Amino acid sequence: MCSSDLTVRHPAAFASSLKRLNWPFDFNHLLSQAELMRDWLEPFRPQMLAMIDQPEDIIGQASLLWCMVYYVVQQYQQKIPGLITVRHEDLSMDPIGGFMQLYDHLGLHFTQDAREMILTASSSENPKELSKKKVHTVRLDSRANIDNWKHRLQKDEIERVREFTIDIARLYYPEESWE
């Protein structure tokens, strides 16, 4: 039995979060790590170098980061039998059911305290959008959050993220998830 799990988030949702918070990424941080580049990210070197010249392109940066992260996740899935990959959106739609399955798969006891914590963190009574002043708050209406990217991103930005990430995104998300 595997004792690890990974969560995947829709690429447009990820991009919209970085855009909303105006969080650019400096790819020099990754490029300067020789072993990381050699072992995992070398296929992305040209794209990272191109992004260095576009520090204001948060949508492009987010798309590239998403591809890099889930490229590595895909590599791990091939190397580690039984590794669980769960979509963020599935957990958001059914937090209790989703976490109960994860607990079971990981051999953990799903306690009443865990249930209450999950319910508190994901309740429909929580805000639908987090305050930019409290970006690390964990209480959010999880179901409402699923589609926040659809109003944060413009249609051309959504299409750009989709085109950039499609090869890896299709491993986790069907085409209709972009609608």
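Modeller: A helix here is a DSSP run of H or I of at least four residues, and helices are numbered from the N terminus. In this predicted model, Thr165 has its place in helix H11.

Colleague: How many helices and strands does the protein have, and in which order do they run?

Modeller: The protein has 11 helices and 2 strands. Read from the N terminus on, the order of its elements is β-α-α-α-α-α-β-α-α-α-α-α-α.

Colleague: What does the radius of gyration say about the overall form?

Modeller: The value is judged against a rule for a compact globule, which for 179 residues gives a radius near 16 Å, and the protein agrees with this at 17 Å. Along the principal axes, the C-alpha trace spans about 50 × 40 × 30 Å. Of the contacts with a separation of 6 or more, 64% are between residues 24 or more positions apart.

Colleague: What share of the residues is buried, and what supplies the exposed surface?

Modeller: Buried means under 20% relative accessible area, and exposed means over 50%, with partly exposed in between. By that cut-off, 41% of the 179 residues are buried. The protein exposes about 10600 Å², and carbon and sulfur atoms supply 53% of this area.

Colleague: To return to Thr165, is this residue buried or exposed, and what is it in contact with?

Modeller: Thr165 counts as buried because its relative accessible area is 1%. Once neighbours within four places in sequence are left aside, Thr165 is in contact with Pro11, Ser63, Trp66, Cys67 and Trp178. One of these partners, Pro11, is itself among the buried residues of helix H1.

Colleague: How many residues of H1 are buried, and what covers them?

Modeller: H1, which takes in residues 11-21, is mostly covered, with 9 of its 11 residues buried. The buried set consists of Pro11, Ala12, Ala13, Ala15, Ser16, Ser17, Leu18, Arg20 and Leu21. Their cover includes helix H5 (58-79), helix H10 (148-152) and H11. Just after H1 comes Asn22, which takes a positive phi of about 55°.

Colleague: What can be said of the charges, and how many salt bridges are there?

Modeller: There are 20 positive and 26 negative side chains, and the centres of the two sets lie 4 Å apart. A salt bridge asks for a side-chain nitrogen of Lys or Arg within 4 Å of a carboxyl oxygen of Asp or Glu, and the count by this rule is 10.

Colleague: Which salt bridge joins two residues of H11, and where do its partners lie in the helix?

Modeller: An α-helix has 3.6 residues a turn, so residues three or four places apart point the same way. In H11 (residues 155-169), Glu159 and Arg162 lie 3 residues apart, about one turn of the helix, and their side chains meet in a salt bridge at 2.7 Å, N to O. Glu159 is partly exposed, because its relative accessible area is 30%, whereas Arg162, at 19%, is buried. Glu159 and Arg162 are also linked with Glu175 in a network of salt bridges.

Colleague: How do the salt bridges of Arg87 and Lys150 read?

Modeller: Arg87 meets Asp90 at 3.0 Å, N to O. Arg87 counts as partly exposed at 23% relative accessibility, and Asp90 is likewise partly exposed at 39%. Lys150 pairs with Asp147, their closest N and O atoms being 3.2 Å apart. Lys150, at 36% relative accessibility, is partly exposed, and Asp147, at 37%, also counts as partly exposed.

Definitions and conventions: Residues numbered from 1 in each chain as written. Predicted model: local features only at pLDDT ≥ 70, side-chain atom pairs only at ≥ 80, totals over all residues. Heavy atoms only, no water. Rg over C-alpha atoms; globule rule 2.2 N^0.38 Å. Buried < 20%, exposed > 50% of the residue type's maximum accessible area, 1.4 Å probe, protein only. Contact = heavy atoms within 4.5 Å. Areas by Shrake-Rupley, 256 points an atom, 1.4 Å probe, with all protein chains shown as cover. Lys, Arg positive; Asp, Glu negative; His and termini not counted. Charge placed at Lys NZ, Arg CZ, Asp CG, Glu CD.
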